[in-house]
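Let's walk through this structure together, one region at a time. Keep the 3D view open as you read, and turn it whenever a new element comes up.

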Amino acid sequence: MVDQDTPPRRARLASTGARAAVETVFGEQPRGDKVSGLVFRSLMMLALAMALVMLVSLIIYSAWRGWGRLDLDMITEKPSRIRPERAGYGPALLGSLYMILGVIVLVVPIGVGAAVYLEEYAKRDRWYNRLIELNIQNLAGVPSIVFGILGLAFIARGPIGLGLVVATGSITLTLLVLPTVIIAAREAIRAVPPSIREGSLALGATQWQTISRQVLPAAAPGILTGVILAVARAMGEAAPLLLVGAAGFTPFLPLLFDGQYSALPVQIYRNAVEPREEFQTLAFAGVILMLVVLLAMNSFAVWLRNRYERRW
Amino acid sequence: MRNWRAKAVAALAVPVLGVTACGQAGSGGGLAIKVDGSSTVGPLTQAAAELFSDENPDMRVGVATSGTGGGFEKFCNGEIDIVDASRTITDEEAKMCRASGVTYRELQVANDAITVLVNKDNPVDCLTVDQLRQIWAPGSTVSNWNQVDGVRFSAELTLYGPGTDSGTFEFFAEEINGDKEEQRADYQDIGEDDNTGIAGVMEDEGAMFYVGYEYYAANKDKVKALKIDGGDGCVGPTPEAVQSGEYQPLSRPLYIYPSRESMKKQHVEDFVDYFVDNSAEIARLAGYIPMTDEQTAKTKQALRG
């Protein structure tokens, strides 16, 4: 395993050496350049500080307002109207988990399949392939509420007609994150050096054997990272789910194809707009729960990348 | 590589199996009842669902809150069993239901009062309907309390109100301005987030906000409710005044509309019966004003009819 720190450290060494050499040959850099360098550097630090301060204040404020409800009941209990001090996110958390698992099951084969086609099979000069590429790029920027309307019209009602159930939410979120997954998977596949493919083909492997035994395993960490980040985004979405039936009050465990369901962000929103103090405290506690779940997913993605990434 | 793939599969499989196991343990083929509609009536049905499920653990009563209009749309489409409604069904919605063969009963379950809230330091205690109309009429330019006839208090007027697709908006506009779509447009539209309006009134001496009784009841120590003079003197939004019909014109009944088709199913019928029989207790738990004996009798009659 290669030391992860080596390339940045090498780069830093190289730039320090180059700067020293320039200074000995041409004398010190003009004062103006130094000042503008310093200004630029502090602006960048300020940008970083802004982002960090926002995040930290969000966490501190939510933890402070939600402190009273950061307990086990919050995770295990059902939503409650008549016992607000013991209401929780149980069914909503499970609803979100169901949906996310559905998204993974659907988005991995479809997203990776599309990426493999576009990278390994598609001829770039055909107009329809370029059209597909353009559309995928565009779809990645479409607001999530539009996917909610699509889900309501075509999946909950209309031709598929699944009704307002967990599976509908899953499919809607899959459509929402599919472009992101395709783009990430394409990047990962493109990062596999051509020499690997050429070597495999030269040894007599078919194109399919090359893709399934060389390219995909080598690209897998990158693909998985993309999938997890996309799924984390899907997990945080409330807008499209409001349209495809996620309800605010479901005091029972959800089923995939029958009955109402809820999701964590939707439940947080519903609690936040309640008049009673107990529900608002619970909403802030929910924000912390949500952040913990998302942080865990993102950390898993980072761990996967660091653990299995290969360099050529 | 093989090793890596095995690990990845294992990492994904554990939560899948875990969740499947939980799901099977909890569901046990329960009986679903789907409710959607007004976010004002929602808390009542939620309290009813909770009490009912305590006694019948197999029941799966879910309550969504996409608004009265959104509820009726799904209802007439046959997607839900019961609509929560903060107003009666419109002719257009009735036509939609008829077209798809959905029939229903109209059952009042509680009373609500639209309360007009102001800051605790505001010396004004009572406004007539005419004064309210001066403030809220479409095109009104009143921007200070002292521009309202007969008010001597001087403070800049900040208006908070719900979004135009809210049943509360329609009701207030109808009663005060005489048309459910007409109200001045330059107010702070808080959408469905009524807590924003409460916070606004708490912080601003000249603010005014109208909202359902539940929000006033939960914030009595933070804001003041104005008495309303509907022609027979000033009356505050107390449960007694609402039940006796004296708090006019801003009292309104709250309804549920169960579909007759769904009520042929035993568990839906049981739930509706339970809701009606225990409406007073349910209203109290949810923070609403219960029905009078007369209203209860009328609802029971509508249930049998």
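**From the core outwards**

The largest nonpolar core has 155 residues, and A:Val177, A:Val231 and B:Leu44 are the ones that touch the most other members. Please keep in mind that this is a predicted model. Helix H7 of chain A, residues 166-190, gives the most to this core, with 15 residues. A good place to start looking is A:Val177. Leaving aside residues up to four places away in sequence, A:Val177 touches A:Val103, A:Val107, A:Ala230, A:Val231, A:Arg233 and A:Ala234.

Now let's turn to where the two chains meet. Here 27 residues of chain A are in contact with 35 residues of chain B. On the chain A side, the elements that give two or more residues are helix H4 (90-121) and helix H9 (207-236) of chain A. H4(A) gives the most to this side, with four residues. By character, the chain A residues that touch chain B divide into 17 nonpolar, seven polar and three charged.

Chain A also has an internal division to look at. Its domain assignment gives domain 1 (6-69) and domain 2 (74-308). The centres of domain 1 and domain 2 of chain A, taken over C-alpha atoms, are separated by 33 Å. Where these domains meet, seven residues of domain 1 of chain A are in contact with eight residues of domain 2 of chain A. The residues on the domain 1 side divide into two nonpolar, three polar and two charged.

Next comes chain B. Its C-alpha trace spans about 80 × 60 × 35 Å along its principal axes, and chain B has 13 helices and 12 strands. Of its 305 residues, 43% count as buried. If you take the contacts in chain B with a separation of 6 or more, residues 24 or more positions apart account for 72% of them.

How much of strand S4 (residues 107-118) of chain B is buried? The strand is mostly covered, with 11 of its 12 residues buried. Try following S4(B) through its pairings. With strand S12 (residues 251-258) of chain B, S4(B) pairs in the antiparallel sense over six bridges, and B:Ala113 stands opposite B:Ser251 there. Strand S8 (residues 207-212) of chain B also pairs with S4(B) in the antiparallel sense, over five bridges; in S8(B), B:Phe209 is the bridge partner of B:Leu117. Strand S9 (residues 224-225) of chain B runs antiparallel to S4(B) and is joined to it by two bridges, with B:Lys224 in S9(B) as the bridge partner of B:Val118.

Our last stop is another sheet of chain B. This open sheet has three strands in the order S5-S10-S11, with mixed pairing. Strand S5 (126-128) and strand S11 (234-235) of chain B are the edge strands, each pairing on one side only. S5(B) and strand S10 (residues 227-229) of chain B pair in the parallel sense over three bridges, and B:Cys126 stands opposite B:Lys227 in S10(B). Helix H5 (residues 129-136) of chain B packs on this sheet and touches S5 and S10 of chain B. The direction of H5(B) makes about 80° with that of S5(B).

Note on methods. Residues numbered from 1 in each chain as written. Chains lettered and ligands numbered in written order. Predicted model: local features only at pLDDT ≥ 70, side-chain atom pairs only at ≥ 80, totals over all residues. Buried ≥ 20, exposed ≤ 12 C-beta atoms within 10 Å, placed from the backbone. Contact = placed C-beta atoms within 7 Å. Nonpolar A, V, L, I, M, F, W, Y, C, P; charged D, E, K, R; others polar. Domains from an automatic or database assignment. Pairing = 2+ DSSP bridges. Axes fitted to C-alpha atoms, helices over the stretch in contact; angles between N-to-C directions. Core = buried A, V, L, I, M, F, W, Y, C linked by C-beta atoms within 7 Å.
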